[in-house]
Amino acid sequence: MERIDKYIPKEYLALRINYRRIILAELPVVKLTEHTLYGVPTKRISIDNHRYNLNTPAGENCMEIYKQRKLCEQELRCYEAIWEAHFTDEPLQECMPHNVNRLLRVSYNQQVVMNKAFFDSLKNDADTRHPKPSYYPFKGIFYRSAAERDIAVFLDDMGIPFKYEPEISLTGLNYTIHPDFVIYIEEIDTCIIIEHLGIKNSSDYIRDNKIKYGNYTGAGLISGVDFLFTHDTDNLPFDIRGLISALNNAIYQLLISDRSDAA
């Protein structure tokens with residue numbers, strides 16, 4: 001976990017802290033101890049005053065909880081250290097995690113919630129229609145541009161799960177689409193689509209992206225909240241800080257929305 005020197009916007013950082021505090025409050029306290037049995041060092045794990053050997057099903061289950069707590073505690077210490085380095089107040093209370101239940105209309109009479117189940121159903125690197133250059137690799141995937149690879153590196157560095165060019169159905173289309181990125185924000189259990197517009201001075205490309213914008217809004221998504229566009233032009237070169245700002249704004253908009261709002 002090497003994020004202590006990474007910039008995380010205030011609202012998103014507060015959300016990450018609050019989320020992990022809630023997780024730790026809900027997880028049982030698990031202790032791992034070692035004792036000697038017949039002269040042999042043996043580890044046991046305890047939970048709710050019950051002790052188990054590690055090689056039993058109950059012990060293995062407790063070990064998974066133990067690892068989950070340790071990781072969550074490590075992440076919380078890191079995020080709290082970043083917060084204390086920049087701010088004097090407590091993490092923002094309006095940035096409390098909740099499931100936002102964003103809906104994507106995939107056909108005229110069907111909507112799906114863009115939650116973890118939806119994210120897990122997406123196949124990574126699914127667009128095989130057009131060959132990709134071999135210049136921009138990252139963790140076994142070739143990206144179509146340096147900017148797309150930069151986005152992938154940023155998401156990976158921030159610990160944000162993502163799928164690159166997955167296959168998605170949208171209402172009104174008789175074909176599937178492949179957005180550049182679909183990311184999953186665990187703390188609010190929702191997905192956000194990122195499209196990078198990287199071809200310069202192409203009227204066909206501009207027209208296609210106007211159509212793409214209309215397709216997303218026609219499927220019930222909101223620009224700047226459910227889907228984000230990043231750009232790379234001669235006068236407006238791509239900078240990852242622009243994506244960080246846009247992503248933070250989208251997450252904050254979802255956080256302060258009515259919790260019963262599912263559209």
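**Cores, packed helices and two unusual loops**

Reader: Which residues have the most contacts inside the largest nonpolar core?
Author: A nonpolar core is a set of buried Ala, Val, Leu, Ile, Met, Phe, Trp, Tyr and Cys residues joined through side-chain atoms within 4.5 Å. Here the largest one has 53 residues. Those with the most contacts inside this core are F181, I183, I192 and I251.

Reader: How should I read the residue numbers and values, and which helix gives the most to this core?
Author: This is a predicted model, in which local features need pLDDT of at least 70 and side-chain atom pairs pLDDT 80 or more, while totals for chains, interfaces and linings use all residues. Residues are numbered from 1 along each chain as its sequence is written, and side-chain values use heavy atoms, without hydrogens and water. Helices (H or I, at least four residues) and strands (E, at least two) are DSSP runs numbered from the N terminus. With 9 residues, the element that gives the most to the core is helix 2.

Reader: Which strands each supply at least two residues of the largest core?
Author: Helices contribute too: helix 1, helix 2 (57-86), helix 4 (146-157) and helix 6 each supply at least two residues. The strands that do so are strand 2 (40-47), strand 8 (162-164), strand 9 (181-185) and strand 10 (190-197).

Reader: Which residues of strand 9 does I192 touch?
Author: Leave out residues up to four places away in sequence, and take contact as heavy atoms within 4.5 Å. The partners of I192 then include V225, D226, L228, L247, A250, I251 and L254. Strand 9 spans 181-185, and its residues on the list are F181, V182, I183 and I185.

Reader: How many residues are in the second core?
Author: This core is separate from the largest one. Among its members are V106, I168, Y216 and A219. Its total is 17 residues.

Reader: How far apart are the axes of helix 1 and helix 6?
Author: Axes are lines fitted to C-alpha atoms, for helices over the stretch in contact, with angles from 0 to 180 degrees between N-to-C directions. Helix 1 (residues 10-26) and helix 6 (residues 240-255) pack at an angle of about 55°. E11, Y12 and L15 of helix 1 meet N248, I251, Y252 and L255 of helix 6. The distance between these axes is 8 Å.

Reader: And at what angle do helix 1 and helix 2 pack?
Author: In helix 1, the residues of this contact include L13, I17 and L24. Their side of the pair meets helix 2 residues, including C72, L76 and W83. The axes are 9 Å apart, and the angle is about 145°.

Reader: What is the relative accessible area of I45?
Author: I45 lies in strand 2, and its contacts include L32, Y52, M63 and Y66. I45 is buried (under 20% relative accessible area; exposed is over 50% and partly exposed in between, with a 1.4 Å probe and protein chains only). The value for I45 is 0%.

Reader: What phi does N101 have?
Author: Most residues other than glycine have a negative phi. N101 sits in the loop between helix 2 and strand 4 (103-107) and is partly exposed, at 33% relative accessible area. Although N101 is not a glycine, its phi is positive, at about 55°.

Reader: Where is D125, which also has a positive phi?
Author: D125 is not a glycine, yet its phi is about 55°. At 25% relative accessibility, D125 is partly exposed. Its place is the loop between helix 3 (116-121) and strand 6 (137-138).
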